[in-house]
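Biologist: Could we go through this one together? I'd like to hear the reasoning behind each label, not just the label.

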Amino acid sequence: MPTPTRRQFLIRSLAAAVAAAAVARPAVARQSASDRAVVKPQRLQPGAGVGLFSPAGATYDPTDIEIVSDAVRALGLVPYRATHLLDRYGYLAGRDRDRAADINQLFADPKIDLLLPIRGDWGCARLLPYLDYDSIRQNPKIVVGFSDLTALLLGIYAQAGLACFHGPNGFSSWREAQTASFRSVLFAGDRAPLANERPSEDGDRLMQVKFRVQTVTSGIARGRLIGGNLSVLSSLIGSPYFPDPRGAILFVEDIGEPIYRIDRMLTQLSLAGILEQLSGFVFGQCVNCGPSGGYGSLTLLEVVRDRIASLGIPAYCNAPIGHLENIVTLPIGTEVEIDSDRGRLVMLEAAVT
């Protein structure tokens, strides 16, 4: 038998390595759900089951779970704890496969109607290859959260076609305005509008100071709503977990990022051809996102105008979305309309059945 050449040896070695990697790596859903009809979960009813789970950062104090459980009961719902709720692996709430297994189990459990994460931090993107998207689509349930939960919401929508909800995490404040938004969208199935209304702290002023509309490009646009935390969603670019942006309305928000980083992330969205496919754009709040040191900085509005204005799509900034005291509940995957002059976002359909 002739001795293999160096070229033949390298080809065989590469083929073996590729085969081994295919076995070792987690399965990735290969077909996007973006071309399929969106699946909507059922609205919440009194006594519905809520699965408490930790998909990202660890919960160190069990009292936090009791506090979230009290909020769930006050909503008229019944809390259930996921198996690995209090696990810890470094800063994560357990191993990736265990946290993903909790999500898969909650979707398969007939007594669960809502999946409510305890908190965000970091870790949801690590779970995406391990989720059972076929089961998720066949057992549609409400999934809600914000910040790092952006990865989970967008991944589930992109791969399973399930409408998800940018809204409170379990350890959010659950004060009156936040609870009213949550109930309106998820219990009543209302087409709740979101507007840059004058907040209570401006009630005795002659002018509005907070949440002033900053129009980038005038107009009205319609499309499927996608979005969330800018840092998280920009990290999904190039993966099968970023939703189809064609004709969509994109909303973004962030916290603690210098303006040059916001510039970098919006530029990344542009270079990837995502911004050019949108029908509308909304920038929410960027909490503690000031200029960095050194030479003079662009303002946040200037950065957004640089990236968005040339597209000619309706767009505005300063929407009341983000890491705020009142976390509003917004659907991901259903049709909305925005008016960039009035600073208004309106749901065109109920997001629950």
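Modeller: Sure. Let's start with a cut-off: buried means under 20% relative accessible area. Cysteine 164 comes out at 0%, so it counts as buried. Keep in mind that this is a predicted model.

Biologist: And why is cysteine 124 called buried?

Modeller: It goes the same way: cysteine 124 has 0% relative accessibility, which is under 20%, so it is buried.

Biologist: How do you know that cysteine 286 and cysteine 289 form a disulfide?

Modeller: Their sulfur atoms are 2.2 Å apart, and the limit for a disulfide is 2.5 Å, so the pair qualifies. A search of the whole structure turns up 1 disulfide. The angle about the S-S bond is -75°, and the link is left-handed.

Biologist: What makes cysteine 286 and cysteine 289 buried?

Modeller: Cysteine 286 has a relative accessible area of 15% and cysteine 289 has 13%. Both values are under 20%, so both residues get the label.

Biologist: Over to charges. Why is the pairing of arginine 99 with aspartate 96 called a salt bridge?

Modeller: The N to O distance between their side chains is 2.2 Å. A salt bridge needs a side-chain nitrogen of Lys or Arg within 4 Å of a carboxyl oxygen of Asp or Glu, so this one passes. Arginine 99 and aspartate 96 are 3 residues apart in helix α3, so about one helical turn separates them. Both are buried. Asp96 and Arg99 also belong to a network of salt bridges with Arg126.

Biologist: Why does a spacing of that kind suit a helix?

Modeller: An α-helix has 3.6 residues a turn, so residues three or four places apart point the same way.

Biologist: What makes arginine 73 and aspartate 70 a salt bridge?

Modeller: Their side chains meet at 3.2 Å, N to O, and the limit is 4 Å, so they count. They sit 3 residues apart in helix α2 (residues 62-74), so about one helical turn lies between them. Arginine 73 has 45% relative accessibility and aspartate 70 has 47%. Partly exposed is the range between 20% and 50%, so both fall in it.

Biologist: And lysine 111 with aspartate 109: how do you know that they form a salt bridge?

Modeller: The closest N and O atoms are 2.8 Å apart, which is within 4 Å, so the rule is met. Lysine 111 is partly exposed at 41%, whereas aspartate 109 is buried at 11%. By this rule the count comes to 14 salt bridges.

Biologist: Why is tyrosine 91 called exposed?

Modeller: Its relative accessibility is 55%, and exposed means over 50%, so the label fits. Tyrosine 91 lies in the loop between β2 (78-81) and α3 (96-108). Together with Tyr60 and Trp122, Tyr91 makes a nonpolar surface patch of about 400 Å².

Biologist: What makes glutamine 42 exposed?

Modeller: Glutamine 42 has a relative accessible area of 57%, over the 50% mark, so it is exposed. This residue is in the loop between α1 (6-24) and β1 (49-53).

Biologist: How do you know that glutamine 42 and threonine 353 are in contact?

Modeller: Contact means heavy atoms within 4.5 Å, and glutamine 42 touches Thr353 as well as Ile142 and Val352, not counting residues up to four places away in sequence. Glutamine 42 and threonine 353 are 311 residues apart in sequence, while their C-alpha atoms are 4.7 Å apart in space.

Biologist: Now inside. Why is histidine 166 called buried?

Modeller: With a relative accessible area of 1%, histidine 166 is under the 20% limit, so it is buried. This residue is found in strand β5. Beyond its neighbours within four places in sequence, histidine 166 has contacts that include Phe251, Glu253 and Ile321.

Biologist: Which residues have the most contacts inside the largest nonpolar core?

Modeller: Leu152, Ile156, Phe281 and Phe283, in a core of 58 residues. Helix α5 (residues 149-160) gives the largest share of this core, 8 residues. Apart from it lies another core, of 40 residues, among them Trp174 and Val328.

Note on methods. Residues are numbered from 1 along each chain as its sequence is written. This is a predicted model: local features need pLDDT of at least 70, side-chain atom pairs count only at pLDDT 80 or more; totals for chains, interfaces and linings use all residues. Side-chain values use heavy atoms; hydrogens and water are left out. Buried means under 20% relative accessible area, exposed over 50%, partly exposed in between (1.4 Å probe, protein chains only). Patches are made of residues with over 30% relative accessible area and no salt bridge: like charges are joined within 9 Å, nonpolar side chains (Val, Leu, Ile, Met, Phe, Trp, Tyr) within 5 Å. Accessible areas come from the Shrake-Rupley method with a 1.4 Å probe; for residues, only the protein chains shown count as cover. Helices (H or I, at least four residues) and strands (E, at least two) are DSSP runs, numbered from the N terminus. A nonpolar core is a set of buried Ala, Val, Leu, Ile, Met, Phe, Trp, Tyr and Cys residues joined through side-chain atoms within 4.5 Å.
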